[in-house]
Amino acid sequence: MKQFLLTAIILTAFACEAASQTGYPITPVSFTQVKVNEASFWGQRLKASREVTIPLALSKCEETNRYSNFSNAAAHMKDTTKVFDVVKNMGFPFDDTDPYKTLEGVSYLLQVYPDKKLDAYADSIIAVIASGQEPDGYLYTARTQNPNRPHKWSGMKRWSEVEGGSHEFYNLGHLCEAAVAHYYATGKRNFLDIAIRYADCVCREVGDKPGQVCVVPGHQIAEMGLCKLYIATGDKKYLDQAKFFLDKRGYTRVKNAYSQSHKPVLEQDEAVGHAVRAGYMYAGMADVAALTKDEGYIRAIDKIWENIVTKKFYITGGVGARHDGEAFGSNYELPNLSAYCETCAAIANVYFNYRLFLLHGESKYYDALERSLYNAVISGISLDGGKFFYPNPLASDGNYERQAWFGCACCPSNVARFIPSLPQYMYAVKDDAVYVNLYNSSTANLQVNGKKVIIEQETNYPWDGNIALTIKTGGNFKLKVRVPGWAKNEVVPSDLYAYSDGVKTHYYIYVNGQKVSSDEVNSFTPDGYCTIDRKWKRGDRVTICLDMPLRKVEANKQVKDDDGLTAVERGPIVYCWEDGTDSLPEYGIKGLQYKNMTLIPYFAWAHKGKRKMAVWLE
């Protein structure tokens with residue numbers, strides 16, 4: 001065990017160095033640098049992920065042929081007379097991504113819970129994945145198992161249906177994301193090299209040069225994955241390929257709003273089409289904007305974000321109004337009963353806002369991110385980590401029930417990778433400044449201008465607004481403290497929602513007991529943070545006190561579905577009424593009284609079977 005812990009310490013130092021060379025204007029803090037307290041809000045969810053979600057996802061991947069698809073591909077390459085019934089074995093050509101996403105979650109967890117058995121099991125899965133990779137790097141079992149009869153969505157040639165249903169580039173994106181996480185968590189290259197070989201295959205065969213195929217992803221995420229691979233390897237061709245996919249969108253064969261290819265990306269100013277595809281593309285655009293400093297990309301992505309947050313953003317932080325096409329609706333089209341709000345779309349919205357923060361360094365992106373995180377994202381997974389929602393409506397007539405898995409398992413496996421990644425969103429660094437973005441009891445080991453900074457955070461957030469930050473190492477640096485928008489009487493960074501109760505809330509920030517900021521004494525810098533610039537001593541303590549009264553919210557009058565209705569929230573948590581539920585004592589969640597009704601956190605609804613539910617109340 002001592003050797004394993006020593007290795008973990010060495011790899012954490014390695015990951016810190018890697019994270020300091022990202023190329024973003026704001027430097028993200030790696031998940032390897034933040035350890036959350038197990039008893040905390042997010043610590044409990046990491047524990048559930050380790051004990052329930054990840055084991056479930058791994059077992060479901062085995063049960064549903066996800067691993068055998070790679071073994072079958074290997075068997076066919078070894079003996080071409082062996083062919084397999086792809087249609088029977090694979091429900092979807094993106095089934096390969098479920099092992100990738102689950103391994104990504106495993107990688108994050110190995111930093112929190114060192115586990116030699118889990119580490120070895122991950123390596124065994126990676127070996128199976130490697131066996132299904134073709135000699136030139138192509139990795140797509142929907143074809144390799146039976147090249148003459150591939151999956152019906154795949155087309156008879158490589159890339160021939162990639163703008164439609166083949167998902168070859170979608171698989172690449174998730175492979176890159178998972179492989180980079182595994183590399184940062186373990187320092188091993190076994191998974192990373194698989195991703196590099198597939199990415200190299202794509203870079204060779206796809207482009208606008210003679211002999212290449214000029215196509216773009218039908219389902220985006222390759223753009224994000226390639227940017228991560230660029231950061232991990234330093235090889236700029238991956239960033240160039242990501243930008244190529246975006247630059248060519250709207251110029252190739254397929255042109256439709258569903259896949260955001262209806263016009264060139266630099267001309268887009270409204271969020272349209274399939275909300276997950278869109279969110280992944282917008283995150284990829286933000287990556288490219290941040291990493292290349294391309295002004296055209298920066299302008300375009302800022303306009304799209306503005307459209308979402310002012311006209312297409314649910315009070316829960318969900319996105320995607322329509323079941324038809326799992327899509328964004330028109331401006332101000334935000335129905336409740338028929339809302340889709342796919343779990344994957346909420347996760348994509350977190351990715352999008354996080355990257356915009358890394359580009360611009362403004363607190364408003366975290367205000368949007370936090371709302372999605374505490375409501376729309378974790379609504380998608382039960383508190384015990386074992387059941388899931390695909391859509392997350394804001395009202396139910398009793399027809400919704402959480403499921404242990406889905407045939408199209410993108411949401412469960414996406415949650416399996418996302419929840420363990422939470423520590424990386426808490427802090428960020430730029431030059432001599434440390435951003436404190438999310439609140440959860442934890443210890444952060446940071447690098448600020450080449451010097452070690454340790455910050456210990458203690459809080460019961462989101463249930464109360466008292467946060468204590470203890471500086472464990474001294475030095476000169478700026479501490480940028482985020483006061484959430486809700487604490488400053490702003491529901492979201494737009495006029496889409498507003499508090500309707502006339503309540504005056506207060507917040508205070510102290511350093512060693514001396515007030516440095518409050519709602520009466522504004523010490524915010526233009527980026528929206530309370531910036532405390534001083535020479536810190538070991539043991540210095542920053543205390544943040546945020547009022548958390550019950551708040552009533554009304555929607556902009558143009559949101560017709562919410563006209564005359566009220567939503568209720570407290571801190572970052574949106575509440576809902578659920579038929580027959582007074583509280584959830586088995587989860588330690590008490591009800592909240594409003595107009596003789598007991599309300600519970602929106603993320604906790606449907607934990608007792610099918611129930612009627614409403615977020616917006618009369």
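This is a short dialogue on reading helix packing, spaces and backbone features in a predicted model.

Trainee: I'm new to this one. How do I read two helices that pack together?

Mentor: Two packed helices are described by the angle between their axes and the distance between the axes. Take α5, residues 97-112, and α16 here: their axes are 7 Å apart, at an angle of about 20°.

Trainee: How are α5 and α16 oriented to each other, roughly parallel or roughly antiparallel?

Mentor: An angle under 35 degrees counts as roughly parallel, so α5 and α16 are roughly parallel to each other. Their crossing is left-handed.

Trainee: Which residues of α5 and α16 meet?

Mentor: On the α5 side you'll find D98, K101, T102, E104, G105 and Y108, and they meet C410, S413, N414, A416 and R417 of α16. By class, that contact has four charged, four polar and three nonpolar residues.

Trainee: Okay, now a second pair. At what angle do α10 and α11 cross?

Mentor: Helix α11 covers residues 236-247, and its axis crosses that of α10 at roughly 165°, with the two coming within 7 Å. Angles over 145 degrees count as roughly antiparallel, so that is how α10 and α11 lie to each other. This crossing is left-handed.

Trainee: And what does the contact of α10 with α11 consist of, by class?

Mentor: First the names: A222, E223, L226, C227, L229, Y230 and T233 from α10 meet K236, Y238, L239, Q241, A242, F245 and L246 from α11. They divide into 10 nonpolar, two polar and two charged residues.

Trainee: Does α10 come up again with another helix? Where does α8 fit in?

Mentor: The axes of α8 and α10, residues 222-233, come within 7 Å and cross at roughly 35°. That crossing is left-handed. Among the α8 residues in the contact are F169, L172 and Y184, while α10 brings residues including M224, L226 and I231. Counted by class, the contact has 12 nonpolar, two polar and two charged residues.

Trainee: Let's move to empty space. How many residues line the second largest pocket, and which lie nearest its centre?

Mentor: The lining has 20 residues, and F94, H219, H274, Y390 and C408 lie nearest the centre. The elements giving two or more residues to it are α8 (168-186), α12 (275-292) and α16 (410-418). Of these, α12 gives the most, with three residues. So you meet α8 and α16 again here.

Trainee: How much space is in that pocket, and what classes line it?

Mentor: The second largest pocket holds about 260 Å³. Its lining has 11 nonpolar, five polar and four charged residues.

Trainee: How many cavities does a search find?

Mentor: Eight of 30 Å³ or more turn up across the whole structure. The second largest cavity holds about 100 Å³. Its lining includes R45, T53, I378, L383 and F603, and the full set divides into six nonpolar, four polar and one charged.

Trainee: Last topic: the backbone. What should I look for?

Mentor: Most residues other than glycine have a negative phi, and most peptide bonds are trans. In this structure, N65 is not a glycine, yet its phi is positive, about 70°. You'll find N65 in the loop between α2 (41-63) and α3 (66-78).

Trainee: Which form does the peptide bond from Y461 to P462 take, cis or trans?

Mentor: That bond is cis, with omega near 10°. P462 sits in the loop between β7 (451-459) and β8 (466-471).

Notes
Residues numbered from 1 in each chain as written. Predicted model: local features only at pLDDT ≥ 70, side-chain atom pairs only at ≥ 80, totals over all residues. Heavy atoms only, no water. 1 Å grid on protein atoms, 1.4 Å probe; cavity = no way out; pocket = protein on both sides within 12 Å on 5 of 7 lines; lining within 4 Å. Points joined across faces, edges and corners; volume = space filled by probe spheres on them. Helix = DSSP H or I, 4+ residues; strand = E, 2+ residues; numbered from the N terminus. Nonpolar A, V, L, I, M, F, W, Y, C, P; charged D, E, K, R; others polar. Axes fitted to C-alpha atoms, helices over the stretch in contact; angles between N-to-C directions. Parallel < 35°, antiparallel > 145°, perpendicular 65-115°, else oblique. Left-handed = near helix turned anticlockwise from the far one by under 90°. Contact = heavy atoms within 4.5 Å.
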